[in-house]
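User: I am new to this structure and would like a close look at one part of it, the second largest pocket. Which elements supply its lining, and how does the rest of the space in the protein, including the surroundings of the ligand, look beside it?

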Amino acid sequence: MDGKLYKVVVGKKIINDFSYVLHVFSPINHQIIGSIPRVRTKEQIEIIFKNAKLAFHEYRNVDFHIRKKWLLNFCDLLKQKWDELSNIIVWEIAKTKVEAIKEIDRSIEYIKLTIEEYEKIMKSPLIIDESVHNVKGKTGIFTYEPLGVVLAISPFNYPLNLLVSKIAPALISGNTVVYKPATQGSCVGSFISLLLYEAGFKNGEVSCIIGKGSEIGDFIIDNPNISMISFTGSSDVGKKIAMKNSLIPVILELGGKDAAIVLKDANLKLSAKKIVKGAFSFNGQRCTGIKRVLVDVSVEQKLIKYIDEEIEKLTIGSAIKGNFDITEMIDIKTLKNNLYLLLDAYKNGARTNQKIKRKGNILFPVALHNVTTKCKIAWDEQFGPVLPIISFNEIEQAIDICNKSQYGLQTSIFTSNIKLAKKIASTLDVVTININESSSRGPDIFPFGGIKDSGKGMQGIKEAIISMNKIKGVIENE
Ligand code: NAP
Ligand code: G3P
């Protein structure tokens with residue numbers, strides 16, 4: 001793919017001035033794949049938010065059926081452009097074509113479900129009156145209203161889906177949106193800004209800000225015209241956002257260190273299969289990836305054998321060349337951090353049966369055994385294809401290791417004793433527990449979120465809509 005010039009929609013304008021651009025480099029060949037007009041100054045950002053606020057006063061009155069029609073038009077355009085869009089995803093983040101297409105399909109489904117859910121919510125306002133609630137002489141009718149300008153900031157790993165899952169609930173509710181895609185995701189972000197425009201959002205409802213978070217982030221997250229922030233990304237950036245925005249709603253979906261707890265009565269072969277899929281999908285670059293295994297010592301060796309067999313089956317190659325399980329990592333920095341964590345674990349006595357190997361941005365998958373809680377990889381989020389395995393004697397030890405984590409996203413428990421799994425679930429400081437399955441965000445209709453350093457507030461179709469609305473109560477008094 002040649003370097004391409006991407007225009008971008010900012011409010012009512014399609015920006016095609018390429019005198020100051022963000023160059024996006026592919027993790028596949030390190031060549032420029034896209035150049036996009038970027039935002040230069042704090043003043044420019046202030047104007048974008050001001051205009052988004054002005055547009056909100058108009059858009060909030062646009063009939064729901066029109067908002068719905070524009071979002072459905074957007075779905076049609078995503079469907080029509082699937083080939084071009086999936087190629088951009090492949091080159092921009094080294095996701096395989098098959099996975100990129102899945103991400104597009106999932107995003108279309110997400111938008112449609114969001115529309116359906118919004119209709120349901122709006123059709124049933126909360127009515128509190130004397131007959132039901134013994135409230136004397138009053139009838140309260142509580143409905144939802146949009147908040148204003150929603151700021152959406154997304155990470156690289158689902159460059160389409162994690163934008164759409166913020167933009168769709170915001171727009172269907174009557175908010176306007178300013179969004180900043182990850183640098184590695186900016187070609188997707190600008191591409192869809194034009195699709196949104198073509199779909200009908202051409203009156204300032206949508207603005208896409210292009211630029212590096214490290215350079216313009218502080219200007220974006222601190223603006224009086226923002227009514228709500230929905231952020232997905234690392235815990236460090238999430239905390240910064242939370243600190244600067246104490247008076248508006250902020251939803252944060254952050255890092256994770258999800259464990260797979262394997263009990264001695266688990267179906268070990270099947271557990272290994274699911275764990276390897278959970279740990280190595282998209283090279284481990286998922287917040288919900290399995291990032292450590294805690295296994296009962298009596299079945300440790302058997303599980304390691306099965307995990308090694310599953311790793312052996314993983315196919316490895318460039319994302320551009322086929323549907324490989326392991327492809328290029330997003331950048332050398334993350335790859336090197338994985339090597340650093342591997343080395344630290346080795347120094348602390350961990351071992352692996354795989355060869356530690358690297359080819360360009362591809363890091364070959366590794367399971368580490370003999371890992372102890374002294375190793376950094378027992379605690380740090382690796383976001384790469386390295387899986388530490390820690391053994392325990394008593395389940396209490398496993399629970400303790402889980403709960404000592406700074407993160408609190410999800411945990412998996414593999415066992416044939418469902419009653420015990422539920423009992424363990426009740427002791428874990430995470431939001432979601434998966435019995436006999438690896439962690440995941442989907443199905444998207446499920447509430448999804450994290451606690452501790454993994455986040456604040458909930459996503460999920462319904463929860464995202466509610467987070468982008470405020471309750472309006474009208475009370476009739478007799
Ligand atoms: P990241 O570095 O935190 O970046 C996320 C977004 O924040 C990007 O758009 C980035 O822009 C922007 N950003 C960076 N610095 C900023 C600042 N000072 N102010 C405002 N915005 C700023 O995360 P990532 O590397 O893309 O994604 C990996 C992390 O996200 C992992 O920790 C992963 O677990 C987490 N994640 C969590 C979930 C979840 O749902 N819980 C889902 C996916 C990923 P630039 O790209 O331009 O720097
Ligand atoms: O890291 C992105 C997060 O949203 C995970 O989604 O569907 O891979 O579990 P999923």
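Analyst: In this predicted model, the lining of the second largest pocket draws at least two residues from each of four elements, namely strand E2 (8-10), strand E3 (13-15), helix H1 (42-59) and strand E10 (206-208). Helix H1 provides the largest share of that lining, with 8 residues. The pocket itself holds about 640 Å³ of space, and among the 28 residues that line it, Val10, Lys13, Ile15, Ile48 and Asn51 are the closest to its centre. Sorted by class, the lining of this pocket consists of 14 nonpolar, 7 polar and 7 charged residues.

Turning to ligand 1, there are 29 residues around it, of which Ser154, Thr183, Ser234, Leu254 and Glu381 come nearest. Glu381 also places a polar side-chain atom 2.7 Å from an oxygen atom of ligand 1, while an N or O atom in the side chain of Lys180 is 3.1 Å from an oxygen atom of the ligand. The backbone takes part as well, since a polar backbone atom of Ala182 is 3.3 Å from an oxygen atom of ligand 1. Taken alone, the ligand exposes 900 Å², and the protein buries 87% of that area. Helix H8 (213-220), strand E11 (228-232) and helix H9 (235-244) are the elements that give two or more residues to the shell around ligand 1, and by class this shell has 13 nonpolar, 11 polar and 5 charged residues. Because domain 1 (4-254 + 455-477) and domain 2 (258-445) both give residues to the shell, ligand 1 lies between them.

The structure also holds 2 cavities of 30 Å³ or more. The largest cavity contains about 60 Å³ of space, and its lining includes Lys257, Asp258, Arg292, Cys402 and Tyr407. Strand E20 (407-408) and strand E21 (410-414) are the elements that give two or more residues to this lining, which by class has 5 nonpolar, 4 polar and 3 charged residues. The second largest cavity has a volume of about 30 Å³, and the residues that line it include Ala279, Ile290, Lys291, Gln382 and Phe383. By class, the lining of the second largest cavity has 5 nonpolar, 3 polar and 1 charged residues.

Conventions: Residues numbered from 1 in each chain as written. Chains lettered and ligands numbered in written order. Predicted model: local features only at pLDDT ≥ 70, side-chain atom pairs only at ≥ 80, totals over all residues. Heavy atoms only, no water. 1 Å grid on protein atoms, 1.4 Å probe; cavity = no way out; pocket = protein on both sides within 12 Å on 5 of 7 lines; lining within 4 Å. Points joined across faces, edges and corners; volume = space filled by probe spheres on them. Nonpolar A, V, L, I, M, F, W, Y, C, P; charged D, E, K, R; others polar. Near = heavy atom within 4 Å. Polar contact = N/O pair within 3.5 Å; in protein donor to acceptor, adjacent residues only side chain to side chain. Areas by Shrake-Rupley, 256 points an atom, 1.4 Å probe, with all protein chains shown as cover. Domains from an automatic or database assignment.
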